[in-house]
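The exercises below ask you to work through a single model, first by its strand pairing and then by individual side chains. Each task is followed by a solution that proceeds step by step.

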Amino acid sequence: MKVGDLVELSAKGRSVKANHKYLGGVGIVMKVWKTGYYDYGVRFFPKKGIARNKMSWFKRYELKKCKADKKCP
């Protein structure tokens with residue numbers, strides 16, 4: 001993954017209790033640190049509620065890239 005990728009929570013990420021507020025939302029990768037414990041800084045846009053100007057940190061296995069919808073033009 002690289003900066004600018006559109007991501008969502010993976011199956012493992014959805015099972016982590018601390019990630020409950022990000023369920024159903026999408027995010028943009030803002031920072032990548034390969035030396036830290038949490039490598040990916042992501043700004044999430046929730047399905048419900050208001051988007052905050054805050055970056056949250058995730059491990060690689062908690063995220064997956066969003067796929068383009070086949071119905072998109």
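**Exercise 1.** Which residue of β3 does V32 stand opposite? Follow the register onward to β4, bearing in mind that the model is predicted.

*Solution.* Begin with the two strands concerned: β2 covers residues 26-32 and β3 covers residues 40-45, and they pair in the antiparallel sense over 6 bridges. Within this pairing, V32 stands opposite Y40 in β3. Continue from Y40 to the next strand, where Y40 stands opposite F58 in β4. The pairing of β3 with β4 is likewise antiparallel, and 3 bridges join these two strands.

**Exercise 2.** What is the order of the strands in the open sheet, and which strands lie at its edges?

*Solution.* As a starting point, strands of a sheet pair through backbone hydrogen bonds, either parallel or antiparallel. Here the sheet is open and has 5 strands in the order β4-β3-β2-β1-β5, with antiparallel pairing. The edge strands are β4, residues 56-58, and β5, residues 63-65, each of which pairs on one side only. From one strand to the next, the twist averages 50°. To place β5, look at β1, which spans residues 6-9 and pairs with β5 in the antiparallel sense over 3 bridges; in β5, K64 is the bridge partner of E8.

**Exercise 3.** Is W33 buried, partly exposed or exposed, and which nonpolar surface patch includes this residue?

*Solution.* First locate W33, which is found in the loop between β2 and β3. Next apply the cut-offs, under which a residue is buried under 20% relative accessible area and exposed over 50%, with partly exposed in between. W33 has 47% relative accessibility and therefore counts as partly exposed. Finally, W33 forms a nonpolar patch on the surface together with Y37, Y38 and W57, and these residues have about 480 Å² of accessible area together.

**Exercise 4.** Which residues does R43 touch, leaving out those up to four places away in sequence, and how is R43 classed by accessibility?

*Solution.* R43 lies in strand β3. With heavy atoms within 4.5 Å taken as contact, and with residues up to four places away in sequence not counted, R43 touches V26, G27, I28, M30, R52, N53 and K54. Because its relative accessibility is 25%, R43 counts as partly exposed. As a last step, consider a C-alpha separation: R43 and V7 are 36 residues apart along the chain, and their C-alpha atoms are separated by 9.7 Å.

Methods:
Residues are numbered from 1 along each chain as its sequence is written. This is a predicted model: local features need pLDDT of at least 70, side-chain atom pairs count only at pLDDT 80 or more; totals for chains, interfaces and linings use all residues. Side-chain values use heavy atoms; hydrogens and water are left out. Two strands pair if DSSP finds at least two bridges between them. Helices (H or I, at least four residues) and strands (E, at least two) are DSSP runs, numbered from the N terminus. Axes are lines fitted to C-alpha atoms, for helices over the stretch in contact, and angles run from 0 to 180 degrees between N-to-C directions. Patches are made of residues with over 30% relative accessible area and no salt bridge: like charges are joined within 9 Å, nonpolar side chains (Val, Leu, Ile, Met, Phe, Trp, Tyr) within 5 Å. Accessible areas come from the Shrake-Rupley method with a 1.4 Å probe; for residues, only the protein chains shown count as cover. A salt bridge is a side-chain nitrogen of Lys or Arg within 4 Å of a carboxyl oxygen of Asp or Glu. Buried means under 20% relative accessible area, exposed over 50%, partly exposed in between (1.4 Å probe, protein chains only).
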